[in-house]
Amino acid sequence: MSRRVVITGTGAVTPLGVGASSLIDGWAAGECGLAEGAGRCSDFEPTEFLSVKEARRSDRFTQFAIAACQEAFDESGWSAGLPYESGQIGCVVGTGIGGLGSLEEQENVLRERGPRSVSPLSVPLMMGNAAAATLAMRHGIHGHTYGVVSACAAGAQAIGAATRMIESGDAEAAIAGGAEAAITGLATAAFAAMGATSPTGISRPFDARRDGFVMGEGAGILLLEEADAAERRGAEIVGEVLGYGATSDAHHLTAPEPSGHEAARAIELALDDAGIAPQDVDYVNAHGTSTPLNDRTETEALKTALGDHAWRVPVSSTKSAIGHLLGAAGAVEAIAALGALDRGIAPPTLGYEEPDEGLDLDYVPDGARSLVGGNGNPSSRRGNDAENGALIAISNAFGFGGHNAVLCLTR
Amino acid sequence: MPTEATTQSVEQVIFDGLTELGAEGEVTRDATFEDLDVDSLDLVELAQVIEDEFGVELQGEDVKDLRTVGEVIDLVVQRAS
């Protein structure tokens, strides 16, 4: 009997506010966290979560992870003490870029004041594993701990890697998620230079007028536990990672492979891993970046992987409400998908009005809508668990470099 | 121009610097860096503040055996004179 991985806590810091419920309830209500062409976490106040020393020793992306992790700990009961031996708990946190703000700041110090003035904290602040390391130190975690760096697939791949860690028996539980704080001068200019970001500053995934993504920042953290162990300790289960699939385009540094073949294969692998059929998917939380290329390729991939069911299942993009959180996106969107299942709704793709040729799926244009289990179709759900009839979602994350990661989740 | 390094001025700069670095507890001459949870990275930052303020360069070797805040203050005043 293979080991199952359940979710016992979630936490998020997003442009819709601090807290996972701000994210899901705000998005479901049609709120947009974007302003002046960016999704900033303006409500976030580091000193509410960190001591002076911790704040000084963490880049903004790590600070977001700390706050999101604290929320997850509070929800799961881990705040009262780790429920497992610390060596049996892992910590995997993805990021696209790491502490870019710290890097740029110290680059300025170097230019203006010389090498002797560069902060000794520069490297530990900017390194891509800083969030994972900081969370492990803060909570006394001694199991496998590392960062995942796969651009905009990093958050989903961190959850996938942590899931595999628990399934394999390398850990009983794990902290998993993603964090990003890259709305800086350099990253903003660089993404604009490659034509990835929206010159109009509008995120409207799948719409014919979409012209690029809008940068966001934040973090999402989930606590994963081996199902039997979680049950034994009486944990409240808030979800389950049913399946995970990951593939690589091996095509281009930034552009997705146009047929979406490998993205489709990642979806198929996630469904196979979950032991479900395409018609069992009740909701698709799309990567949906609002770039011309992604949204077309993702639509193709969904058609390939889900067949006729692709036209029946609601598909919506969290990025319409919070922008693109890069390495945090996959984790934040997994939490958004869980929230959608919890509330039994498909949240809307905000701003979607004009259909584009060939992009003809149900992108949930007009406000949140109730999910219908199995979408009214005969279900072939897994027969081996007690959750027959529970709603199921997939959450897609695709990254520059051709990284495709898909999580299959249930509530 | 660097500030003149009197015991009083150095003490003030170091006390303020350590507080800003997030030292735990009250910063006094007798407090040890261990008590204050000040580690080698903090000391490098403190050394940068001292150099900016008094023009006194401290290397890792200079401070690695110093245990208390007062010992650093005395070293800076001595080096400056």
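## Two helices that cross

Let's start with a pair of helices in chain A. The axes of α7(A), residues 154-168, and α13(A) come within 4 Å of each other and cross at roughly 70°. That angle makes α7(A) roughly perpendicular to α13(A). On the α7(A) side, the contact is made by A154(A), G155(A), A156(A), Q157(A), A158(A) and I159(A). From α13(A) come A329(A), G330(A), A331(A), V332(A) and A334(A). Sorted by type, the residues of this contact are eight nonpolar, three polar and no charged.

Keep in mind as you look around that this is a predicted model.

## The overall picture

Stepping back, chain A has 13 helices and 13 strands. Its radius of gyration is 20 Å, close to the 22 Å that the globule rule gives for 411 residues, so chain A is as compact as a globular protein of that length. Along the principal axes, its C-alpha atoms fill a box of roughly 70 × 50 × 40 Å.

How much of chain A counts as buried? The figure is 59% of the 411 residues. As for contacts between residues at least 6 apart in sequence, 80% of them join residues at least 24 apart.

There is a chain B too. The contact between the chains takes eight residues from chain A and six residues from chain B. On the chain B side, those residues divide into three nonpolar, two polar and one charged.

## Strand β3 and its partners

Now for a strand that is well wrapped up. Six of the six residues of β3(A), which covers residues 89-94, are buried, so the strand is largely enclosed by the rest of the structure. Both faces are covered: I89(A), C91(A) and V93(A) are buried on one side, and G90(A), V92(A) and G94(A) are buried on the other.

Which strands does β3(A) pair with? One is β5(A), residues 173-180, which pairs with β3(A) in the parallel sense over six bridges. Here I89(A) stands opposite A173(A). Another is β4(A), residues 145-148, again in the parallel sense, over four bridges. In that pairing, V92(A) stands opposite Y146(A).

## The loop before β3

Is S86(A) buried or exposed? This residue is in the loop between α3 (60-76) and β3 of chain A. S86(A) has 12 other C-beta atoms within 10 Å, and 12 or fewer is the cut-off for exposed, so S86(A) is exposed.

Exposed or not, S86(A) has partners from elsewhere in the sequence. Leaving aside neighbours within four places in sequence, S86(A) is in contact with G140(A), I141(A) and H142(A). S86(A) and H142(A) are 56 residues apart along the chain, yet their C-alpha atoms are separated by 5.3 Å.

## Strand β12 and a hairpin

Further along the chain is β12(A), residues 392-399, with eight of its eight residues buried. Both of its faces are covered. I392(A), I394(A), N396(A) and F398(A) are buried on one side, with A393(A), S395(A), A397(A) and G399(A) buried on the other.

Two pairings are worth tracing here. With β8(A), residues 283-286, β12(A) runs parallel, and three bridges join them. One of the matches puts Y283(A) with its bridge partner A393(A). With β13(A), residues 403-410, β12(A) pairs in the antiparallel sense over eight bridges. In that pairing, the bridge partner of I394(A) is C408(A).

β12(A) and β13(A) form a hairpin with three residues between them. In the turn, G401(A) has a positive phi of about 100°.

## Two unusual backbone angles

Most residues other than glycine have a negative phi. With that in mind, take a look at two loop residues.

L326(A) is not a glycine, but its phi is a positive value near 50°. You'll find L326(A) in the loop between α12 (319-322) and α13 (329-343) of chain A, which leads back to one of the helices we started with. L326(A) has 32 C-beta neighbours inside 10 Å, so it counts as buried.

V364(A) isn't a glycine either, and has a positive phi of about 55°. This one is in the loop between β10 (345-346) and β11 (369-370) of chain A. With 24 other C-beta atoms within 10 Å, V364(A) is buried.

Terms used:
Residues numbered from 1 in each chain as written. Chains lettered and ligands numbered in written order. Predicted model: local features only at pLDDT ≥ 70, side-chain atom pairs only at ≥ 80, totals over all residues. Helix = DSSP H or I, 4+ residues; strand = E, 2+ residues; numbered from the N terminus. Rg over C-alpha atoms; globule rule 2.2 N^0.38 Å. Buried ≥ 20, exposed ≤ 12 C-beta atoms within 10 Å, placed from the backbone. Contact = placed C-beta atoms within 7 Å. Axes fitted to C-alpha atoms, helices over the stretch in contact; angles between N-to-C directions. Parallel < 35°, antiparallel > 145°, perpendicular 65-115°, else oblique. Nonpolar A, V, L, I, M, F, W, Y, C, P; charged D, E, K, R; others polar. Pairing = 2+ DSSP bridges.
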